[in-house]
Amino acid sequence: MEFESCFDIIGPIMVGPSSSHTAGVVSIGKFVHELLDGCPEEADIIFYDSFAETYQGHGTDKALLGGLLGMNTDDSRIKHAIEMTHHYGLTYGIQLEGSCPYYDHPNTTFITARSKDSIVKVGGVSLGGGLSKIFMINGELVDIRLSTNDDISTLATHFSECVKKDTVLKGVV
Amino acid sequence: MMEIRSMRELIEITKLEKKSIGQIMLMKEEKKSGKDQETIIRMMEERLIKMKEAIDSGKNDPSPAPSGISGGDAVKMSQYVRRGKSLSGTYISDAMTFSLATSESNARMGVIVATPTAGAAGILPGVLFSLHENDGTPYEELVMGLFTASALGYVIANRSFISGAAGGCQAEVGSATAMAAGTIVELKGGTPEQAVNATAIAMKSLLGLVCDPVAGLVEVPCIKRNVIGTSIAFSAADLALAGIESRIPCDEVINAMYEVGKDMPRVLKETSLGGLAMTETGKKVKERLFSKKS
Ligand code: SF4
């Protein structure tokens, strides 16, 4: 059962306009933020399918960037996230693709994010109603369910190993 | 407590426990989250208050959304309703006004409560605050109504879809309308069976509805679909309260919604590549907005 709580259905309290294209995506960005323990310096973003078609209209880019900057779903600054990336020193690129080869859902994204000494590649899917799921971290399949009621920072600490591991690899290369 | 996988199971539990659908959901949340009832009720109350704030800010705001393709209709509607000549009666007219106000706020990137999604955020607040306005249903009962709605939505979401991208607008406005219909029934003293019948009837009326937002924005046709959703919710509730049943059981209706959603082509699932999004006007709007941006 993907939906567990009454607040998965009534909620989140969020900035509009779309729970799947805005709210759920903020959580995915926020997870990456927590995984890196702060705002990344660089982010390569891939939007698949429905995200690729409509991200401008829904502000999906603003939502993901807002999350990467550390904002929560009901943060009214999300609409200014693009301008705010400059202040935070985040440079980013967005690539658009068709169906996601790793997860069968139209609202999927991949983010490769770097901060000073770590790099992480995260696949996320927004399931609707503000609920989302991280399905891949650095090539490994995972199943981390994110709802806007969750403490994303605690969730992410369980997976901080993934980031470290990759840092070691990078050192070797 | 047993897991609730279907409306049939939900009804069984209400009988077993001698409780309403809303109370069952509250109990279930208590068990699952480990929080006490008081905390859970307070959290739900917070959502009700946010809904009210969205209505209040939207009702008097004539300004257009950033896109320029929506805004100002809530003000028009409430002026019209105040003249006392609306054909649909005050329950539905007020619900339509409140629903417009909420969905217009959403389009302005204002704070709203997703019920179950942001695209369909206008329907439930619309009917709840219309009940409050027209027969003085107190806030505590409206909060319980949100538990009822969440139980109905919970079953739908776990059996089918609730997002337009996954299942078309039938999954989004359809689910929200179905939840609202059942909620009205429970708040007006109907039985759990009647509430579930209202849910089924409302969902059947919107089965097959495609998701085709113009320029990918949750505005056209979304806002007006929310508005009409409130009137379908009231009609379905009236039918169920009259003792009329859905000939197809609710669980089967939900399964049908799932099958229809799966078969729906990708162009009609929030990609803005079909339906109203691809009309002459729809395409012009998209061109205008995106050329402005780049
Ligand atoms: S048309 Fe699509 S985006 Fe608009 S309310 Fe319906 S499901 Fe949501």
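Modeller: A helix here is a DSSP run of at least four residues, numbered from the N terminus. Keep in mind that this model is predicted.

Colleague: Which helix gives the most to the shell around the ligand?

Modeller: α9(B) does, with three residues. Both α9 (169–187) and α11 (222–241) of chain B supply at least two residues each.

Colleague: Which residues surround the ligand?

Modeller: To count, a residue needs a heavy atom within 4 Å of the ligand. Here the shell includes Cys169(B), Glu172(B) and Val173(B). Cys222(B) and Arg225(B) are also among the residues around the ligand. By class, five residues of the shell are nonpolar, two are polar and three are charged.

Colleague: Where does the ligand sit?

Modeller: A cavity is a space where a probe fits but cannot get out. In this model the ligand sits in the largest cavity.

Colleague: How many residues does each chain bring to the contact?

Modeller: Contact means heavy atoms within 4.5 Å. Chain B brings 51 residues and chain A brings 35. The area buried between the two chains is about 3,500 Å². Carbon and sulfur atoms give 64% of that area.

Colleague: How many salt bridges are there between chain B and chain A?

Modeller: Look for a Lys or Arg nitrogen within 4 Å of a carboxyl oxygen of Asp or Glu. Between these chains there are two. Asp49(A) pairs with Arg266(B), with the closest N and O atoms 2.4 Å apart. Over all chains, the search finds 20 salt bridges.

Colleague: Which parts of chain B does the pair Lys15(B) and Glu193(B) link?

Modeller: This salt bridge has an N to O distance of 2.8 Å. Lys15(B) lies in helix α1, and Glu193(B) lies in helix α10. The two residues are 178 residues apart, so the pair links distant parts of the chain.

Definitions and conventions:
Residues are numbered from 1 along each chain as its sequence is written. Chains are lettered from A and ligands numbered from 1 in the order in which they are written. This is a predicted model: local features need pLDDT of at least 70, side-chain atom pairs count only at pLDDT 80 or more; totals for chains, interfaces and linings use all residues. Side-chain values use heavy atoms; hydrogens and water are left out. On a 1 Å grid over the protein atoms alone, a cavity is a set of points where a 1.4 Å probe fits but cannot get out, and a pocket is an open set with protein on both sides within 12 Å along at least five of seven lines; lining residues have an atom within 4 Å of a point. A molecule sits in a cavity or pocket if more than half of its atoms lie within 2 Å of its grid points. Ala, Val, Leu, Ile, Met, Phe, Trp, Tyr, Cys and Pro count as nonpolar, Asp, Glu, Lys and Arg as charged, and the others, Gly among them, as polar. Buried area is the accessible area (1.4 Å probe) that two parts lose on being put together, summed over both. A salt bridge is a side-chain nitrogen of Lys or Arg within 4 Å of a carboxyl oxygen of Asp or Glu.
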